[in-house]
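This report concerns a molecular model whose sequence and coordinates are shown below. The text deals in turn with a ligand site, a contact between chains, backbone geometry and overall architecture.

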Amino acid sequence: MNTFLSAKNLKFSYINNMEEPPVKTEVLHGISLDIKKGEFVAVLGHNGSGKSTLAKCFNAINTADEGEVFSCGYDASKEENLLPIRQRVGMVFQNPDNQIVATIVEEDVAFALENMGVEPEEIRRRVDEALKTVDMYEYREHAPHKLSGGQKQRVAIAGIIAMKPECVLLDEPTAMLDPKGRAEVMKTVKMLNEEMGVTIVLITHYMDEAAQAERIVVVDSGNIVMDDVPKKIFSQVEKMKSLGLDVPQVTELIWGLRQEGYDLPEDIITEDECFEALLGLLKPDVKE
Amino acid sequence: MLKDITIGQFFPGHSIIHRLDPRVKLILTIAFIVMLFMAGSFYGLAVGMAFVLLSFALSGIPFRMMLKSLRPIMPILIFTAVLNIFFIKTGDVWFHWRFITITQNGVVSAVFIIIRIVGLIVGSSLLTYTTSPIQLTDAIERLFAPIKPLRRPVHDLAMMMTIALRFIPTLIEETDKIMAAQKARGADMESGNLVKKARALVPIFVPLIVSSFKRAMELALAMECRCYHGGEGRTRMKQMKTSLRDYASLALTAVFIAGVVFADKLGPKVF
Ligand SMILES: Nc1ncnc2c1ncn2[C@@H]1O[C@H](COP(=O)(O)OP(=O)(O)OP(=O)(O)O)[C@@H](O)[C@H]1O
Ligand SMILES: [Mg+2]
């Protein structure tokens, strides 16, 4: 099967039991989404649009009220599929401090494997491999609380990839990091996707990170409103703004210049492309 | 100030003490505590202290860490010393002034008990200094594993302890941050009487508790995502193997216990 994560007409509500009678709030209103194996998908949407809720449906933390969700061919609504799904679909959260369980880096990376009942020698091997993959091997005996934010987040990623998942869902993994930490994490994520063929779903508020994906899905109040390649998404600057979202800075710059009547391509999303385009405008003779 | 707390801190290393089987280490620590309580004379106590100092030296942990572990119990030490000195009224009187009487027995037992408490603290800190919390809780879990009805509660307890220890530094850091934030808003935490100072802690603990709950929820979620489903069917990366050095250290400890008993026969009894 080629589709790897699939949701059909997925509806999900949170129930607030604190109120009497309990209040039900529907957060996802019938989402249909197919993600193929090996894809790198970015999910955008303003705060509270339901991105995290959607991601949690894919690894069986949330179960759909209506519609169906399949992860790696397993029906996410079935209790017995819980562990197989979570082994295959890993999830990394925003705050690295709240997802590290152990006091030693390598023991933390081993946590998932220990839960899965993997043999000790195999755990050792996979832990070392995962730590080398995220370039944290020399820190294996350190205490996590003494690492930088970017390093902690890489340890958290190592803890997930040690399970050898086929897909990793990352929920704003860089939101609490400085630019250096962000770059480290993004490099790791891209490497997982390109070299190891892991399917990536990246939820983010950083447009330059989303621009690195193959495909962008935009969620707005529980519905998917856009789903296309980054160039197509970001060239619709007005629509993005109306959804409360940004576009990469360079796209915005070019868009502004186009509004002023300059002849520039509209699908510019990286700094290099922008540089080329502006150079072409400023020194037309150099281009030829 | 909060940074001084060293409870549950672990110093990774490769010394012989670090490499002992954690179960054996746990048993040795208990044996050492028994040793201290068996000692009834200063000779016996000296043998016990020699044991813990030797272990400390072998562990390669800097000696100042030993002093650091004692700092938080200073008040207890002073309190016990005062109680013993002023309330034991038997033996030769060394000092007498109005209602204060200091006797030889009082001073001797104060010194004795202080040494004993110091030994206890140093010995148990050595255990946590040289054993990672996970190994320690693992050891407890495995020591109880043969008793089937206890297996589940012990696993749960061990997991809770691991997490608690893991979050000590995180929460300390957070407390520091909240304190700074409240001070920046003009909170006064240093002046006033005890009641006032206790009141000043409320705006620190409330946000701390709220954020701890939030952390707990997120951690639970992250653990679930990593296939955590209780202790059933769990394996461990670090196997516990008892090797020659574990048996040797057990034998050595037995020798020291015998030493304590023997030394006690030589010296005058304090207790
Ligand atoms: N555990 C919960 N209980 C009740 N309501 C919730 C819960 N989690 C989220 N919600 C609500 O569901 C809606 C969607 O939340 P969700 O966390 O999925 O948004 P998000 O797109 O991830 O936002 P953000 O960008 O802030 O992470 C929000 O209105 C939120 O208030
Ligand atoms: Mg979210």
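By class, how many nonpolar, polar and charged residues does the shell around ligand 1 have? The model is a predicted one, and in it the shell consists of two nonpolar, eight polar and two charged residues.

**Ligand site**

The residues around ligand 1 include an unbroken run in chain A, namely His46(A), Asn47(A), Gly48(A), Ser49(A), Gly50(A), Lys51(A), Ser52(A) and Thr53(A). Tyr14(A), Val27(A), Glu172(A) and His205(A) also belong to these surroundings. Among the secondary-structure elements, helix H1 (residues 51-58) of chain A gives the most to the shell, contributing three residues. The space that ligand 1 takes is the largest pocket.

Side chains of chain A approach oxygen atoms of ligand 1 through N or O atoms, and the following table gives the distances for Asn47(A), Lys51(A) and Thr53(A).

| Side chain (N or O atom) | Distance to an oxygen atom of ligand 1 |
|---|---|
| Asn47(A) | 2.8 Å |
| Lys51(A) | 2.6 Å |
| Thr53(A) | 2.4 Å |

Ligand 1 taken alone exposes 630 Å², of which the protein buries 56%.

**Salt bridges**

Side chains of opposite charge can pair when their charged atoms come close. Over all chains, the count of salt bridges comes to 32. One salt bridge is formed by the side chains of Arg86(A) and Glu224(B), with an N to O distance of 3.5 Å. This pair crosses between chains: Arg86(A) is in helix H2 (residues 82-88) of chain A, while Glu224(B) is in helix H9 (residues 194-225) of chain B.

**Backbone geometry in chain A**

Two loops of chain A deserve a note on their backbone. In the loop between strand E1 (3-16) and strand E2 (23-36) lies Pro21(A). The peptide bond that joins Glu20(A) to Pro21(A) is cis, with omega at about -5°.

The loop between helix H5 (149-161) and strand E7 (167-171) holds Lys164(A). Phi of Lys164(A) is near 55°, which is a positive value in a residue other than glycine.

**Architecture of chain B**

What does the secondary structure of chain B come to? Chain B has ten helices and two strands. Along the sequence, these elements follow the pattern α-α-α-α-α-β-β-α-α-α-α-α, with the β elements between two sets of α elements. Taken along the principal axes, the C-alpha atoms of chain B fill a box of roughly 65 × 60 × 35 Å.

Methods: Residues numbered from 1 in each chain as written. Chains lettered and ligands numbered in written order. Predicted model: local features only at pLDDT ≥ 70, side-chain atom pairs only at ≥ 80, totals over all residues. Heavy atoms only, no water. Near = heavy atom within 4 Å. Polar contact = N/O pair within 3.5 Å; in protein donor to acceptor, adjacent residues only side chain to side chain. Areas by Shrake-Rupley, 256 points an atom, 1.4 Å probe, with all protein chains shown as cover. 1 Å grid on protein atoms, 1.4 Å probe; cavity = no way out; pocket = protein on both sides within 12 Å on 5 of 7 lines; lining within 4 Å. Sits in = over half its atoms within 2 Å of the grid points. Helix = DSSP H or I, 4+ residues; strand = E, 2+ residues; numbered from the N terminus. Nonpolar A, V, L, I, M, F, W, Y, C, P; charged D, E, K, R; others polar. Salt bridge = Lys/Arg side-chain N within 4 Å of Asp/Glu carboxyl O.
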